[in-house]
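Got the viewer open? Let's take a short walk, one selection at a time.

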Amino acid sequence: MAALEINNVCKDFGSEQVLKDVSLAIDSGEFLILVGPSGCGKSTLMNAIAGLEPVTTGEIRIAGENVTWQTPAERDIAMVFQSYALYPSMTVRQNISFGLEMRKVPKAEREAAVERVAELLQIAHLLERKPSQLSGGQRQRVAMGRALAREPKVYLFDEPLSNLDAKLRVDMRTEIKKLHQRLGTTIVYVTHDQIEAMTLADCIAVMRDGRILQLGSPDEVYNDPVDLFVAGFMGSPSMNFISATLMGGSGAYRLRVETPEEETLELPWPRERETPALAGKVGERVILGLRPEHFTEDDARLSEYDEGVALTPHITVVEPTGADILLQLKLGDGEATARVGPKCRVKAGERLTLRIDMGRAVMFDRETEKRLA
Amino acid sequence: MDNVIRRRTPGARLGRAMLYAVLLLAALFYLLPLAVMLITSVKPLAEITPGTLLSLPREPTLAPWAKAWGEACTGMRCEGIGVYFFNSIAIVVPAVLISTAIGALNGYALTKWRFKGSELLFALMLFGCFIPFQVVLLPMAQTLGWLGLSSSRAGLILVHVIFGIAFTTLFFRNFYVAVPTELVSAAKLDGAGFFRIFWRILLPVSAPIIVVSVIWQFTQIWNDFLFGVAFSAHNTQPVTVALNNLVNTSTGAREYNVDMAAAMIAALPTLIVYVLAGKYFVRGLTAGSVKG
């Protein structure tokens, strides 16, 4: 049985539709991430699940029970807020036990829950402090502790890490993942950070303009995006979109990429990635999607698709990140980003022979922005 | 020291000295009436009649204060203003508490449990701050009559509560609008209801604005004369009305020292409240949001 089920939910604010026919379901113990740019409706969907805002139409079920018109208190969920929302007048201990107190849990059990959570999150030494005496990371832990004390059916996390500094964010991310693996809780997690989404999720829902564009595992969303938006949103640096003309007819399809003042490039489209949709698009302009890591230095071996296609583009910018080097290179009518190893010695203005792994390339329709192949 | 770097030329220093001189003079001038009142209230009548208003008392006495409190004539009766002082307290304390409590609940509901038309309702309530007292005298008298509260202490309290709600709602609404709504959301998810959230989450952080509301309402209601004179009977008159009657009683020689002592007694509570809590009043009005 699905732990959480959302069926055809719509939400209007006045004349504006912020959720348009959203449906999804997750199993018990699954980690679902709602990701998308700001204003895509992910926080509204979260509030709808929490019961903080009523939906216009549609149905929400938690553990099989229809909760669409239940109050937040009746739904048996816990939420970690972006601002943590710790009760400022209460100590950490009172903050954590407040929910249990409201649910009339006996004092001894409340104490035990506080101890359990404090140990789990290593905040035992903070229990008598007020939220104003805590650092950002500590507040974050307390906010999680408050949610964990009550063992509800579903946990909601609303951008819980976005107020932390970069290093702490990575640490807490790992910690949340550990917690989830240990406790096996069902979590719905909202973020606009696609790296958080990739690292934490069992299942990612990419949202835009009130719709779920794609619902799938991190691997599916990253490697098989359904359209141009999902492809561009997931991954950092983001996917390169290159204008190309689809050639074909006799046997294999090819993509012709014309770069001003450069040799025209013909990229063979791998046989196993052909789709019926391609036949109708021969001779038309399409968009080729290549991730920065699909480029490799010439001497590296490519395992997946023969040797890859070689090209020797003009390098315009070299950006070392430490772990690897990002290159801006002239390709098609714009520039593309390639990720190469840290030992690459190329300088801006030079040329470098690279190979493209076409086995992982994707192709989009220019008009509809949908995936072609 | 103030935290500014200034020019240190002789001219600039002279200018500053003059600036302070003017300010000091203005402050003294402003304090003069209070000083005259105090001085006069501790002089025997014999020292006042020559007309030396500013001279210090040669034989200071508290007799005028005692007389004002216990035996001065207010109209037909001669029992001082002490009784009426306690009348005022009996009116002010419940009126302040009730109007502050209602204002707090209103502010809470208007910001954290928004409903259709809540903004309009708030705008309409704001009107209440601008309605002149005179306008409502007649309808209010009528209403109190219907309610059977004419000339009663309860009626006067009711009038002050009604008039106070507009201000207290404004104070609390503007304070609570800055309190993160996520606090309320979190409490809802934790299972708390409307009053529980107010009592456990909002009220404990409201001290600054409660101080503002109490001081404001206290001075407003304590200093009120018009409602007091219009809606009270002899035995429920507030001190302001009694003071007026005392000063205007036209039998015998005019006892300026007693008048002044009575005026001081009537003004003392608001004065004390400002001295003791004025700091918190300003702090409460300028208080920022509560960090969650």
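Start by selecting residues 82-112 of chain B, helix α4, together with residues 153-176 of chain B, helix α7. In this predicted model, the two helices pack at an angle of about 35°, and their axes are 6 Å apart. Turn the view until one lies over the other: α4(B) passes α7(B) in a right-handed crossing. Now colour the contact of α4(B) with α7(B) by residue type, and you should find 17 nonpolar residues, ten polar and three charged.

Next, zoom in on Ile98(B), which sits in helix α4 of chain B. Is Ile98(B) buried or exposed? Neither, quite: it has 18 C-beta neighbours inside 10 Å, so it counts as partly exposed, since being buried takes 20 or more. Add Ile162(B) to the selection; 64 residues separate it from Ile98(B) in sequence, yet their C-alpha atoms are 9.7 Å apart in space.

Now pull back for the annotated stretches. An unreviewed UniProt entry lists several spans of chain B under "transmembrane region", among them 84-108, 120-142 and 154-176. Select residues 154-176 of chain B: the span is 100% helix, with its end C-alpha atoms 30 Å apart. Then try residues 120-142 of chain B, where 78% is helix, none is strand, and the end C-alpha atoms lie 28 Å apart.

Last stop, chain A. Colour domain 1 (2-226) one way and domain 2 (256-274 + 289-362) another. How far apart are the centres of domain 1 and domain 2 of chain A? Taken over C-alpha atoms, 40 Å separate them.

Definitions and conventions
Residues are numbered from 1 along each chain as its sequence is written. Chains are lettered from A and ligands numbered from 1 in the order in which they are written. This is a predicted model: local features need pLDDT of at least 70, side-chain atom pairs count only at pLDDT 80 or more; totals for chains, interfaces and linings use all residues. Axes are lines fitted to C-alpha atoms, for helices over the stretch in contact, and angles run from 0 to 180 degrees between N-to-C directions. Helices (H or I, at least four residues) and strands (E, at least two) are DSSP runs, numbered from the N terminus. A crossing is left-handed if the near helix is turned anticlockwise from the far one by less than a right angle, and right-handed if clockwise. Ala, Val, Leu, Ile, Met, Phe, Trp, Tyr, Cys and Pro count as nonpolar, Asp, Glu, Lys and Arg as charged, and the others, Gly among them, as polar. UniProt positions are given in the numbering used here, feature names are shortened, and annotations may be inferred rather than shown by experiment. A residue is buried if 20 or more other C-beta atoms lie within 10 Å of its own, exposed if 12 or fewer, and partly exposed in between; C-beta atoms are placed from the backbone. Domain bounds come from an automatic or database domain assignment.
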